[in-house]
Amino acid sequence: MLTKKQLDLLEFIDRRLQRDGVPPSFDEMKEALDLRSKSGIHRLITALEERGFIRRLPHRARALEIVRMPDALSDRGGRSTGFTPRVIAGDKPAAQPRGAIAVESGGAQDIPLMGRIAAGVPIAAISEVARHVAVPQAMLAHGEHYALEVRGDSMRDAGINDGDVVVIRETTTADTGDIVVALVDGQEATLKRFRREKGMIALEAANPAYETRIYTESRVKVQGRLVGLIRTY
C-alpha cells in the first residue's frame, strides 16, 4: 500500500515522463506536492524505490524510471510508463542494455537530424539536415518531428546529457515547464525549459552553473518541444 503523498508523487512523475520524456526536478516535485523542503521528496522517492515502483538510474543526476504502477492505475495497455534511453540499432547486431529498445522493421520512422543544439549558451541556429535517424514509433506524437544532437551540460538535471540526441515535435507554442528548442533573435538556438514571467520569456537551465536568461516575447520563437531522447553507450 502507498500513502497518498507517495501515490501523488508517483502519478506526477509518470505524467511528466509521458509529457516530456524526462522526469521532473526535485523543485517541481516539491511544488507539485506542496511540501516545504526537498528532504520530504527524498523520503518519498526512497519509499517508492524500496517498494519497487521506481528506480534511480545510475550516473545521471536525479534521473528516475518508473518500473510499475499500482494495479488500480495500470490501465495503460501494457505500455511502459518509465523513461528509458532508446538505443538505435546499427548495421551489426549488438548487445542491448537492459530496458533498451532496438529499432525493428516496421517499428521505426526516419526523422531528420538537423545538427547540434546547445544545452548551454545559445549557438548558431540550425537549418540544414545532417542525416536521418530511425526513431521508435512509440516515441513520436502527432505532427512533424526532427532530431538534434545535444552539446553542453546545462540540462543535465533534467536527464539530458552532452552527446544525447533529442527528439523534437515541431510546434510554435509552449506551456510553462516545457523543454523546448528556442530561437533567440532569429539567430541562436538553444534547448531550455520554457517559462513565462510577467510578460517576459525565461529560458531556464537544469544545471545551477548556468543562469536563467530572460527575454522579451518578441525575441524568442519556439521551434519545437521535447518528446523523447536517444542515448547510445
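This passage describes the overall make-up of the protein chain and then turns to its helix H1. The model is a predicted one.

Three helices and twelve strands make up the secondary structure of the protein chain. Of its 233 residues, 46% are buried. The accessible surface amounts to about 12500 Å², and carbon and sulfur atoms account for 48% of that area. Sequence-distant contacts are well represented: when contacts between residues at least 6 apart in sequence are considered, 59% join residues at least 24 apart.

Helix H1 is a good place to look more closely. It spans residues 4-20, 17 residues in all, and its first and last C-alpha atoms lie 24 Å apart, close to the 24 Å expected at 1.5 Å a residue. The buried residues of H1 are Gln6, Leu9, Leu10, Phe12, Ile13, Asp14, Arg16, Leu17 and Asp20. An α-helix has 3.6 residues a turn, so residues three or four places apart point the same way. The cover over the buried residues of H1 comes from several elements, including helices H2 (26-32) and H3 (38-50). Strands contribute to this cover too, among them E1 (54-56), E2 (64-66), E9 (188-197) and E12 (220-230). After H1 comes glycine 21, which has a positive phi, near 85 degrees.

Aromatic rings were also examined. The structure holds zero aromatic pairs. A ring does take part in a contact of another kind, however: the charged end of arginine 68 sits over the ring of phenylalanine 53, at 4.0 Å from the ring centre.

Notes:
Residues numbered from 1 in each chain as written. Predicted model: local features only at pLDDT ≥ 70, side-chain atom pairs only at ≥ 80, totals over all residues. Heavy atoms only, no water. Phe/Tyr/Trp six-rings, centres within 6.5 Å; stacked < 30°, edge-to-face > 60°. Lys NZ or Arg CZ within 6 Å of the ring centre and 35° of its normal. Helix = DSSP H or I, 4+ residues; strand = E, 2+ residues; numbered from the N terminus. Buried < 20%, exposed > 50% of the residue type's maximum accessible area, 1.4 Å probe, protein only. Contact = heavy atoms within 4.5 Å. Areas by Shrake-Rupley, 256 points an atom, 1.4 Å probe, with all protein chains shown as cover. Expected span 1.5 Å × (residues − 1).
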